[in-house]
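Colleague: I am new to this structure and would like a close look at a single part of it. Please pick one helix and explain how it sits in the rest.

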Amino acid sequence: MNSEQHSTSGDAGTTPSSASIHVEGLAKEYETRNGIERVFDDVSFTIDEGSFVTLIGRSGSGKSTLLSIVSGIEEATEGRVRFESSTGDDITLGHVFQEPRLLPWNTCVQNIEFVHEDNDSFSEELAKEYLDLVGLDGQYDKFPTQLSGGQQQRVGIARALSIDPEILLMDEPFSNLDEITAAELRKELISIWSDLGKTVFFVTHDITEAVELSDRILMLGDGEIYSDISVDLERPRTVDSEEFLTFQQHAIEEFHAIKKTASADAY
Ligand SMILES: Nc1ncnc2c1ncn2[C@@H]1O[C@H](COP(=O)(O)OP(=O)(O)OP(=O)(O)O)[C@@H](O)[C@H]1O
């Protein structure tokens, strides 16, 4: 795995490459002043190549911790994460965070070029193509302070895609945006995902967002994945259609089902 591998494609996003994720028996403990805190005990799931899977759970259930372990930023206490790709090459992971984490002294283009500093074949033109892909054509030379929150997050997505990752890891990327901007970005993300065929593993606490975006929703709580539901709704999805609202109600009931378990006192 190499999260800083560079794109060798000639055009933005034209390489159809993705990978599957295999999470096997993960447990995570932190040492705190009050002793050992066990965030989760036994988390296992597989995410198919090219699919869009969302992880939801209450605040503190361990969503970001799990994503950090998948990305290799944090180590698991037990268990392991494997990736498999039909291309058989090293796997590249792209990250999109809650905050876009742009360098304020760099323009949009320079923020993308920055992650390709050691790659002579990555050009300014290619950086612009990735900005075009996320709807930022003509904004190339603006600095982050000259962009709206939604535009900054678009640069973050363009930067993640520019390394041509097989897997895109997204940690609540739209939670700081106003709802209209977030809705626009969700639609664009689905369009990009359909075009590029990347595997997306997306963290949110928003059930509507999860139903709109995902093929599958994993629910994390009480130290494990307590529900794994397939979202059998046709795309494109309309969030106020009857079938969407019916499915969303089903997902909400499933989400709250954890309350009925004996050991759910902590939530
Ligand atoms: N570095 C750390 N040291 C100690 N405890 C930690 C650390 N990182 C996370 N935790 C604890 O692990 C638990 C899960 O945190 P995490 O941020 O993964 O939850 P989350 O589901 O993403 O929450 P939120 O939705 O609020 O972002 C929390 O109780 C948190 O305090």
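Modeller: What follows takes one helix, then its surroundings, and then a few other places along the chain.

The model is a predicted one. The part chosen is helix 4, residues 149-161. Helix 4 has 13 residues and reaches 19 Å from its first C-alpha to its last, which is close to the 18 Å expected at 1.5 Å a residue.

Is helix 4 enclosed or open? Of its 13 residues, 10 are buried, so helix 4 is largely enclosed by the rest of the structure. A residue counts as buried if 20 or more other C-beta atoms lie within 10 Å of its own. The buried residues are Gln-152, Gln-153, Arg-154, Val-155, Gly-156, Ile-157, Ala-158, Arg-159, Ala-160 and Leu-161. As for what covers these buried residues, the elements include strand 5 (93-96), helix 2 (108-113), helix 3 (124-133), strand 6 (167-171) and helix 5 (179-196).

One residue of the helix deserves its own paragraph. Leaving aside residues up to four places away in sequence, Ala-158 touches Ile-112, Tyr-130, Leu-131, Leu-133, Val-134 and Leu-136. Ala-158 also belongs to the largest nonpolar core, which has 57 residues. Within that core, Ala-158 is among those that touch the most other members, together with Val-70, Tyr-130, Leu-131, Ile-167, Leu-169 and Phe-201. Domain 1 (20-92 + 165-266) and domain 2 (98-164) both give residues to this core, so the core lies between them.

That leads to the two domains. The protein is divided into domain 1 (20-92 + 165-266) and domain 2 (98-164), and their C-alpha centres lie 25 Å apart. The contact between them takes 13 residues from domain 1 and 10 residues from domain 2. On the side of domain 1 that touches domain 2, strand 6 and helix 5 each supply at least two residues. Helix 5 gives the most to that side, with four residues. By type, the residues of this side of domain 1 divide into six nonpolar, four polar and three charged.

Strand 6 and helix 5 also frame a backbone detail. Glu-172 lies in the loop between strand 6 and helix 5, and its phi is near 45°, a positive value in a residue other than glycine. Glu-172 is partly exposed, with 19 other C-beta atoms within 10 Å. Asp-222, in the loop between strand 8 (216-221) and strand 9, likewise has a positive phi, near 55°, and is a residue other than glycine. Asp-222, however, is buried, with 21 other C-beta atoms within 10 Å. Further along, a cis peptide bond joins Arg-235 and Pro-236, with omega about 0°. Pro-236 is placed in the loop between strand 9 (224-230) and helix 7 (242-256).

Last comes the ligand. There are 13 residues around the ligand, and Tyr-30, Ser-59, Lys-63, Ser-64 and Thr-65 come nearest. Strand 1 (20-32), strand 2 (35-47) and helix 1 (63-71) are the elements that give two or more residues to this shell. Helix 1 gives the most, with three residues. The shell divides into two nonpolar, nine polar and two charged residues.

Technical notes: Residues are numbered from 1 along each chain as its sequence is written. This is a predicted model: local features need pLDDT of at least 70, side-chain atom pairs count only at pLDDT 80 or more; totals for chains, interfaces and linings use all residues. A residue is near a molecule or strand if its C-beta atom, placed from the backbone, lies within 6 Å of it. Ala, Val, Leu, Ile, Met, Phe, Trp, Tyr, Cys and Pro count as nonpolar, Asp, Glu, Lys and Arg as charged, and the others, Gly among them, as polar. A nonpolar core is a set of buried Ala, Val, Leu, Ile, Met, Phe, Trp, Tyr and Cys residues joined through C-beta atoms within 7 Å. A residue is buried if 20 or more other C-beta atoms lie within 10 Å of its own, exposed if 12 or fewer, and partly exposed in between; C-beta atoms are placed from the backbone. Domain bounds come from an automatic or database domain assignment. Two residues are in contact if their C-beta atoms, placed from the backbone, lie within 7 Å. The expected span of a helix is 1.5 Å times one less than its number of residues.
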